[in-house]
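User: Please take a close look at the pockets of this protein. I would like to know what lines them and which elements supply the lining.

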Amino acid sequence: MNPILVRQAVLADVDALAPLFDRYRQFQGQAADPAACRAFLLDRFNHGESVVFLASRAGRPAGFAQLYPSFSSTALSRVFILNDLFVAEEGRLAGVASALLQAVEGYAWSCGACRVSLNVTRVNGPAQRLYEAKGWLRDGEFFMYHRHRPAP
């Protein structure tokens, strides 16, 4: 049995996180770009713009979760956006995602947040089932809209 260890990542973890982040982006349909992934993560750490949790099994990176801080004006409280959660294929169905969610929630509640929010694609049934099994509720009140920057 390989225990899952989850901890808040630090700047020194960027090189371990970057390949996972690149695989996550590929899973989301983006082209591989390890250098850009490393630079993006480095910017988030250097500017204190996100909180990243790194999960490992048998001493190897197995997954990560990235939170972005925000606020709710109506609740007058901090909220976090769980923007990225990824588990490498070899760590799936082993409890890595559950361990990451537990770390995310523990961190958010310790910061006084009133909620953590996430988006999941409509076709990602396994993730939806996991979130619902862990007590996450699908929003039935709001629609999400996006406005993308026009092409030059």
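**The two pockets**

Analyst: About 200 Å³ of space lies in the second largest pocket. The model is predicted, and the pocket volumes are computed from it.

Start with the lining of this second pocket. Helix H1 and strand S3 (60-72) are the elements that give two or more residues to the lining of the second largest pocket. H1 gives the most, with four residues. The full lining is Asn2, Ala16, Pro19, Leu20, Arg23, Arg57, Ala58, Arg60, Pro61, Ala62, Glu90 and Gly91. Sorted by class, that makes six nonpolar, two polar and four charged residues. The charged residues are Arg23, Arg57, Arg60 and Glu90. The polar ones are Asn2 and Gly91, because Gly is counted as polar here.

Now the largest pocket. Its volume is about 2200 Å³. The lining holds 49 residues. Nearest the centre of the largest pocket lie Leu118, Asn119, Val120, Thr121 and Tyr131. Of these five, Leu118, Val120 and Tyr131 count as nonpolar, and Asn119 and Thr121 as polar. Across the whole lining there are 24 nonpolar, 15 polar and ten charged residues.

Which elements build that lining? At least two residues each come from helix H1 (14-27), strand S4 (77-87), helix H3 (96-110), strand S5 (115-117) and helix H4 (125-133). S4 gives the most, with seven residues.

One element links the two descriptions. H1 supplies at least two residues to the lining of the largest pocket, and H1 also gives four to the lining of the second largest.

Methods. Residues numbered from 1 in each chain as written. Predicted model: local features only at pLDDT ≥ 70, side-chain atom pairs only at ≥ 80, totals over all residues. Heavy atoms only, no water. 1 Å grid on protein atoms, 1.4 Å probe; cavity = no way out; pocket = protein on both sides within 12 Å on 5 of 7 lines; lining within 4 Å.
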